[in-house]
Amino acid sequence: MRKKIIAGNWKMNLKQQEGTILISEVVNMVKDEVTNNALVVLCPPFPHLGYAKKLFQSQANIFLGSQNCADKASGAYTGEVSAAILQSFEVDYVIIGHSERREYYKETDQTLAAKVNLTLENGLLPIFCCGETLQQRQAGQHFQLIQDQLTNGLFHLSAEQFSKVVIAYEPIWAIGTGVTASNDQAQEMHALIRKHLASKYGQAAAHQTTILYGGSVKADNAAELFACPDVDGGLVGGASLKSREFVNIVKAMK
Ligand code: PGA
């Protein structure tokens, strides 16, 4: 059985005190209410990583994620945070190639491939994002584009390395817009992604790969999306900032 994951991407939100409260609330609710259907990954901004893990150390189904890491191993790169530093703060997962990083910070496939390598070399698990704009979808380019993003970012990995990778499909037109992909659109793309992974790593490996959906996931649409056979959880932005809403999304995973 492949892993089911609900990851909360806080993006650039929440000060320290707010973060502490949110994590504590999520931990308490997850402890009380959630069964073992899904792992929870909390991805706060970098400074929160220092204390966050201590708040859920005893909780076996909650993990810590970073939203990014440097594409260099160490050294004179002011403002960057390496995978090795993240590893030393007991980070478990790293989001790589979020569309906001690709778009606003001009991260290329090559940069992302380097980040994936460093993440894996340091024993961290990449959550590799892919997604198309509305314009690309309307032009019928979305299937090819997603395949290219996966090929360029991941297909240099060995089968053993690839087995550590989580994929997140996030159509850019659905991120933060309140417009979610329909269940059919999500399932169609997730199935295509799995087929593409199978073409490189074989059916069994593709079947084992966790593929998350991201883009306006909310408590009231999560259950339907997660019911799609190839949707293995969610990468949740806005709705991960409210503890009750986020935990209800976690609970929607059956
Ligand atoms: P959203 O963001 O849930 O606010 O749409 C998802 C993401 O960008 O990871």
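Which residue places a backbone N or O atom 2.8 Å from an oxygen atom of the ligand? In this predicted model, Gly 237 is one residue that does so. Gly 238 also has a backbone N or O atom at 2.8 Å from a ligand oxygen atom. A side chain takes part as well: an N or O atom of the Lys 11 side chain lies 2.7 Å from an oxygen atom of the ligand. Of the 280 Å² of accessible area that the ligand has on its own, 97% is covered by the protein.

The ligand is located in the second largest pocket. The shell around the ligand consists of 13 residues, of which Lys 11, His 98, Glu 170, Gly 176 and Ser 216 come nearest. Divided by class, this shell comprises seven polar, four nonpolar and two charged residues.

Two residues were examined for their backbone angles. Most residues other than glycine have a negative phi. Glu 90, which is not a glycine, has a positive phi of about 65°. This residue belongs to the loop that connects helix H3 (83–88) with strand S4 (93–96). Glu 90 counts as partly exposed because its relative accessibility is 43%, a value between the limits of 20% and 50%.

Lys 106 likewise has a positive phi, near 55°, and is a residue other than glycine. Its position is in the loop between helix H4 (99–104) and helix H5 (109–121). The relative accessibility of Lys 106 is 63%, so the residue counts as exposed, a class that requires a value over 50%.

Technical notes. Residues numbered from 1 in each chain as written. Predicted model: local features only at pLDDT ≥ 70, side-chain atom pairs only at ≥ 80, totals over all residues. Heavy atoms only, no water. Near = heavy atom within 4 Å. Polar contact = N/O pair within 3.5 Å; in protein donor to acceptor, adjacent residues only side chain to side chain. Areas by Shrake-Rupley, 256 points an atom, 1.4 Å probe, with all protein chains shown as cover. 1 Å grid on protein atoms, 1.4 Å probe; cavity = no way out; pocket = protein on both sides within 12 Å on 5 of 7 lines; lining within 4 Å. Sits in = over half its atoms within 2 Å of the grid points. Nonpolar A, V, L, I, M, F, W, Y, C, P; charged D, E, K, R; others polar. Helix = DSSP H or I, 4+ residues; strand = E, 2+ residues; numbered from the N terminus. Buried < 20%, exposed > 50% of the residue type's maximum accessible area, 1.4 Å probe, protein only.
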